[in-house]
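Biologist: Before we discuss the terms used for this model, please show me the sequence and the structure.

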2 protein chains.
Amino acid sequence: MNTDQYRVKSGQKVSLKDWATDDDGGYDKEESKILLDSLEAELAEWQERLYAEGKQALLIVLQARDAGGKDGTVKHVFGAFNPNGVQISNFKVPSEEELAHDFLWRIHAKAPRRGVIGVFNRSHYEDVLVTRVHSLIDDRTAKHRLEHIQNFEAMLIDGGTQIIKFYLHISPDEQKDRLQERLDDPNKHWKFSENDLAERAKWPQYTAAYEEALSTSTKDSPWYVIPADHKWFRDLLISRILLDRLKAMDSQYPAVEFDPKKIKIPKI
Amino acid sequence: MNTDQYRVKSGQKVSLKDWATDDDGGYDKEESKILLDSLEAELAEWQERLYAEGKQALLIVLQARDAGGKDGTVKHVFGAFNPNGVQISNFKVPSEEELAHDFLWRIHAKAPRRGVIGVFNRSHYEDVLVTRVHSLIDDRTAKHRLEHIQNFEAMLIDGGTQIIKFYLHISPDEQKDRLQERLDDPNKHWKFSENDLAERAKWPQYTAAYEEALSTSTKDSPWYVIPADHKWFRDLLISRILLDRLKAMDSQYPAVEFDPKKIKIPKI
C-alpha cells in the first residue's frame, strides 16, 4: 500500500476538492478487515519496543469535522494498542482556566512522555479552525498561531517526539448520513447536538480553514488527508501509516546491565 | 459465577494464606476465554452508557506484588474497553515535586472525571505498602494514612465516583516462574530488575502490609482478592465484577431536549 499519496508534501497547497473522501485503496470491507487484523501483532510489537526503549514518543493529531470519525478511530485503531502505553487526550471547549493562558498551554501539558503514544482527539489546530470560522480571531492572529504551532511542534520533535497528523476527510453527504443515524437511533441521540447543524452550514468556511492548516504540512510533522467515508479503509490506512512510522523509529529493547544467566531466583 | 466469595467483607480480617492463588472457578483456560469474549459486548455497552450519561465515574485500583499481573490486566481487561472513556494512571516512584506534597496529592489529580473509568496501576496504597516494608514510615503513620485513604475514598464516592480495588494474589512459586521468564526471554529482560529479588525476599513483610490494607475493605469501597496464578481466570473474574458493578450503576443514555423526528439535515 502506497501511503505517501495521502500525505501533504512540504509546501504543497491543499485544495480539498482534489482529495477523494471515498477512496478505498482498491480493497473491499472484508479484505480491509483481514489486512487490519494482520497488522495488529506487528503494531503491538513495535509499540512494546517504543515503550520498553523509553527514548522516543509518538504524537498523533486527529482532526475532522463533526461525525468525521475521530472517536471511531480512537476506538478501532488505538483500541488495539496496549493501553499502558497510550494516552488519549480529548480537547473540548476550553475551560476558563485554559482560556486564561496562551492557546498551547493546555496542549503542552498533554504531550506524551517518552515511550508513549499520545493521541490528540482534537488539538491545538482547533485554535485556527473553529475560532477562524466563527471570526473569533482575525487573519493576522491565525497566521501567527500557525507559526507558533509550527515552532511548538519543531520543539517537541527536537525533544524526541515524532508527530503525525490525520485529517479525516468525509463528504457532506457522508456527514448527513452519519448525523441522520444519530437522530434515528435513540441510543445515539446523546451524540447529536443542534449546534452540529449550524457548524455544518459553515462547510465551505471550514474547508478554507482546514486547507490553510493542512498547507503547513512538513516532512517532519506531516498532515495526511485520510479518505474517511469508508470507516474500514480509514482504520486500515491509519494503522498502516502508524506501523510504517513505528518501524522507522526502530525502537530497541534496552540492553540490561546484569547477566540474566547468572541470576538465581530463590525459592520462598 | 459467585464473585462475592472473593470480596473482603467490611470488618473482615484478612489472612492471605486462607485465600487461594490458583483458584480457577471450575473453568479451564478455553472455557474461560469463551466466557470472557461473551462478556465484552455487554461491557462495551455499559461503558458507553456510563460515558454518555456523564454523571458517575468508576475508579479501579490495581495492586499486586512484582509480576503479579497488573500490566497484563490493564492490557487484557481494560484494553477491551473504548479508550475514549478509560484513563490509565501508572503511579511510579514519586517525583521530587510529588514528594513535596501530601501523599494523596498526585493521586487526587488523576481521579477520573464523571463518565470515565479510571484505572490506577499501583495507587495510594503503595504509601502503606512499600514504605511500610522498608520502614520508611512507622506504625502510627501507616495507621493514619489508612484513615486518610478511607476518608479520601469516601469523599470521592460522595462526589459520584464508585470504587473497586483488586489485589492480584499470586503464589511465591508463580512469581518465581514469571521472573524467570523475564530472564529467559531477551525481549523481556527490560522488565526485570535486580531490585525485584530484594523485594521478593521481603515476601512475608509484604504479606503483612497487604493484609492490613485489605482489612480496611468496606461495602462501598471493597477490596477483592483475585486468584491470579491463572491469568485467564484473573481476567475473567475481574471482567465479571466490573460488569456486575457497571450494571448496578445503571447509567442511562441522557434524554435530549430536541425532537429527533422534527430535525431535517440540509443537503450541501
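Modeller: In this predicted model, helix 1 of chain A passes helix 10 of chain A in a left-handed crossing.

Biologist: What makes helix 1 of chain A roughly parallel to helix 10 of chain A?

Modeller: The two helices pack at an angle of about 30°, with their axes 9 Å apart. Angles under 35 degrees count as roughly parallel, and therefore helix 1 of chain A is described as roughly parallel to helix 10 of chain A.

Biologist: Which residues of helix 1 of chain A meet helix 10 of chain A?

Modeller: Among them are L35(A), L39(A), L43(A) and W46(A). On the side of helix 10 of chain A, the residues met include F233(A), L236(A), L243(A) and L246(A). By class, this contact has 13 nonpolar, two polar and five charged residues.

Biologist: Why is the space beside V128(A) and R132(A) called a cavity?

Modeller: A cavity is a set of points where a 1.4 Å probe fits but cannot get out, so the term denotes an enclosed space. The structure holds one cavity of 30 Å³ or more, and the volume of the largest cavity is about 30 Å³. Its lining consists of V128(A), R132(A), A142(A), L146(A), A209(A), E212(A) and A213(A).

Biologist: Which helix gives the most to the lining of the largest cavity?

Modeller: Helix 9 of chain A does, with three residues.

Biologist: What classes of residue make up the lining of the largest cavity?

Modeller: The lining of the largest cavity divides into five nonpolar, no polar and two charged residues. Ala, Val and Leu count as nonpolar, and Glu and Arg as charged.

Technical notes. Residues numbered from 1 in each chain as written. Chains lettered and ligands numbered in written order. Predicted model: local features only at pLDDT ≥ 70, side-chain atom pairs only at ≥ 80, totals over all residues. Heavy atoms only, no water. Axes fitted to C-alpha atoms, helices over the stretch in contact; angles between N-to-C directions. Helix = DSSP H or I, 4+ residues; strand = E, 2+ residues; numbered from the N terminus. Parallel < 35°, antiparallel > 145°, perpendicular 65-115°, else oblique. Left-handed = near helix turned anticlockwise from the far one by under 90°. Contact = heavy atoms within 4.5 Å. 1 Å grid on protein atoms, 1.4 Å probe; cavity = no way out; pocket = protein on both sides within 12 Å on 5 of 7 lines; lining within 4 Å. Points joined across faces, edges and corners; volume = space filled by probe spheres on them.
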